[in-house]
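Here are my notes for you, written as numbered points. Please keep the structure open beside them as you read.

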Amino acid sequence: QVQLVESGGGSVHPGESLRLACAASRSISTAYSMGWYRQDPGRQRQLVALISNLGAKLDYADSVQDRFTISRDNAKNAVYLQMNSLKPEDTAVYYCLVRYKITENPYWGQGTQVTVSS
């Protein structure tokens with residue numbers, strides 16, 4: 001079993017920034033991919049960003065392209081999401097995930113709330 005603990009959520013005004021962090025209880029050095037999803041009440045969980053092993057491949061939702069940056073630090077077993085120019089529509093619970101093998105289900109964190117409002 002792997003525990004993922006997210007941090008860095010909070011309430012900000014439009015245009016401000018937040019940096020989310022996710023720490024894994026097990027080494028991520030060989031993890032196939034890590035990433036972030038988000039979920040609004042009443043909506044399905046949606047991809048925000050994914051990063052492959054060694055960071056060679058990055059995927060972003062169109063709505064966050066050029067504003068959000070995902071990164072990983074294998075030495076710290078952590079993945080980060082730098083969120084700039086935040087908008088009210090970015091308000092959601094953000095979930096971290098790690099998938100160790102492409103054939104396995106990912107592990108999920110408990111979620112961290114991000115609220116963007118004026």
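Is D40 buried, partly exposed or exposed? D40 is partly exposed, as its relative accessible area is 22%. That value sits just above the cut-off, since buried means under 20%. I come back to D40 and its partner in point 6, after a word on confidence.

1. Confidence. Please bear in mind that this is a predicted model. The protein has a mean pLDDT of 94, and 100% of its residues reach 70 or more. Of the elements, strand 2 (residues 10-12) has the highest mean pLDDT, at 98. The lowest mean, 90, belongs to strand 6 (residues 58-60).

2. The disulfide. Searching the whole structure turns up one disulfide. C22 and C96 are the two cysteines, with an S to S distance of 2.0 Å. Their S-S torsion is about -80°, so the disulfide is left-handed. The bond links distant parts of the chain: C22 belongs to strand 3 (residues 18-24) and C96 to strand 9 (residues 92-99), 74 residues apart. C22 is buried, at 0% relative accessible area, and C96 is also buried, at 0%.

3. A buried acid beside it. E6, which is in strand 1 (residues 4-7), deserves a look of its own. Which side chain of opposite charge is nearest to E6? It is R45, 7.4 Å away, and E6 is buried yet has no salt bridge. A salt bridge needs a side-chain nitrogen of Lys or Arg within 4 Å of a carboxyl oxygen, so R45 at 7.4 Å is not a partner for E6.

4. What E6 does reach. The side chain of E6 comes to 2.7 Å from the backbone nitrogen of C96. The E6 side chain also reaches a second backbone nitrogen, that of Q110, at 3.0 Å. Leaving out residues up to four places away in sequence, E6 touches both disulfide cysteines, C22 and C96. Its other contacts include W36, Y94 and Y95, along with G109, Q110, G111 and T112. When you view this site, I would suggest showing E6, C96 and Q110 together with their backbone atoms.

5. A buried ion pair and its network. How many salt bridges does the structure hold? There are four. One of them is formed by D90 and R67, whose closest N and O atoms are 2.8 Å apart. This pair, too, links distant parts of the chain: D90 is in the loop between strand 8 and strand 9, and R67 is in the loop between strand 6 and strand 7, 23 residues apart. Both residues are buried. Through salt bridges that share partners, R38, R67 and D90 are joined into one network.

6. Two partly exposed pairs. D40 pairs with R43 in a salt bridge, at 3.4 Å from N to O. R43 counts as partly exposed, with 45% relative accessibility, and D40 is partly exposed at 22%. A further salt bridge brings together the side chains of K57 and D59, at 2.9 Å from N to O. K57 counts as partly exposed at 48% relative accessibility, and D59 counts as partly exposed at 31%.

7. K87. This lysine is in the loop between strand 8 (78-83) and strand 9. K87 is partly exposed, with a relative accessible area of 35%. Apart from neighbours within four places in sequence, K87 is in contact with R67 and V116. R67 is also the salt-bridge partner of D90. K87 and D73 are 14 residues apart in sequence, while their C-alpha atoms are 27 Å apart in space.

8. Positive phi angles. Two residues other than glycine are worth a check of the backbone. D66 has a positive phi, near 75°, and lies in the loop between strand 6 and strand 7 (68-73). D66 is exposed, with a relative accessible area of 75%. N77 also has a positive phi, near 55°, and is found in the loop between strand 7 and strand 8.

Terms used:
Residues are numbered from 1 along each chain as its sequence is written. This is a predicted model: local features need pLDDT of at least 70, side-chain atom pairs count only at pLDDT 80 or more; totals for chains, interfaces and linings use all residues. Side-chain values use heavy atoms; hydrogens and water are left out. pLDDT is the predictor's confidence in each residue, from 0 to 100. Helices (H or I, at least four residues) and strands (E, at least two) are DSSP runs, numbered from the N terminus. Buried means under 20% relative accessible area, exposed over 50%, partly exposed in between (1.4 Å probe, protein chains only). Lys and Arg count as positive and Asp and Glu as negative; His and the chain ends are not counted. A polar contact is a pair of N or O atoms within 3.5 Å; within protein, one must be able to donate a hydrogen and the other to accept it, and residues adjacent in sequence count only if both atoms are side-chain atoms. Contact means heavy atoms within 4.5 Å. A disulfide is a pair of cysteine sulfur atoms within 2.5 Å.
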